[in-house]
Amino acid sequence: VFYWDETGCADPWQQNGDDTEEERKAEIKGYLENQNVEGQNIDFEFNQDKKQDCYACYCTTGRVIKVKVPLSDEQIMKELSFYQ
């Protein structure tokens, strides 16, 4: 499982603050597929400790994106700055 701390607007996939979770999952899935990561399972959790009270693009929202990928794609995920 890999993780990404969502930001206000600095994530590498297209995003809109009004997106539903399903729309956000589709955006992330499309981004990962463009990076040759297949078969991913995307989920979200909230971590209050990761929420920053600022409005800059790079500030984290507290939402943590969890992505399960095949072992063969782990190196790509690391190169894309996802963490374990």
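## A helix pair, one turn apart

Let's start on the side of helix α1 with Lys 29, a partly exposed residue at 36% relative accessible area. Keep in mind that this is a predicted model. Lys 29 makes a salt bridge to Glu 33, and the closest N and O atoms of the two are 3.3 Å apart. Both residues sit in helix α1, 4 residues apart, which is about one turn of the helix. Glu 33 is partly exposed too, with a relative accessibility of 32%.

## The other salt bridges

How many salt bridges does a search of the whole structure find? The count is 9. One of them runs between Asp 53 and Lys 51, with 3.6 Å between the closest N and O atoms. Asp 53 is out in the open, since its relative accessible area of 72% makes it exposed. Lys 51, on the other hand, is partly exposed at 36%. Elsewhere, salt bridges with shared partners tie Glu 6, Asp 19, Arg 24, Glu 27 and Arg 63 into one network.

Two members of that network deserve a look as a pair. Glu 6 and Arg 24 form a salt bridge, and their closest N and O atoms are 2.4 Å apart. This pair links distant parts of the chain, because Glu 6 is in strand β1 and Arg 24 is in helix α1, with their positions 18 residues apart in sequence. Are the partners buried or exposed? Glu 6 has 4% relative accessibility, so it counts as buried. Arg 24 is buried as well, at 3%.

## Two disulfides

The cysteines give 2 disulfides. Counting bonded cysteines along the chain, the pattern is 1-3, 2-4.

Take Cys 9 and Cys 57: they are joined by a disulfide with an S to S distance of 1.6 Å. Which parts of the chain does this pair tie together? Cys 9 lies in the loop between β1 (2-7) and α1, while Cys 57 lies in the loop between β2 and β3 (60-68), so the link connects parts that are 48 residues apart in sequence. The torsion about the S-S bond is about -100°, which means this disulfide is left-handed. Cys 9 is partly exposed at 40% relative accessible area, and Cys 57 is also partly exposed, at 35%.

The second disulfide is between Cys 54 and Cys 59, whose sulfur atoms are 1.6 Å apart. This link is left-handed, with -120° about the S-S bond. Its two ends differ in how open they are: Cys 54 is partly exposed at 33% relative accessibility, whereas Cys 59 is buried at 2%.

## Two residues with positive phi

Now for some backbone. Most residues other than glycine have a negative phi. Asn 36 goes the other way, with a positive phi of about 70° although it is not a glycine. Where does Asn 36 sit? Its place is in the loop between α1 (21-34) and β2 (41-51). With a relative accessibility of 56%, Asn 36 counts as exposed.

Ser 81 is another non-glycine residue with a positive phi, in this case near 75°. Ser 81 is in the segment after α2 (74-79). Is this serine buried or exposed? At 51% relative accessibility, Ser 81 counts as exposed, because the cut-off for that label is over 50%.

Methods. Residues numbered from 1 in each chain as written. Predicted model: local features only at pLDDT ≥ 70, side-chain atom pairs only at ≥ 80, totals over all residues. Heavy atoms only, no water. Buried < 20%, exposed > 50% of the residue type's maximum accessible area, 1.4 Å probe, protein only. Disulfide = S-S within 2.5 Å. Salt bridge = Lys/Arg side-chain N within 4 Å of Asp/Glu carboxyl O.
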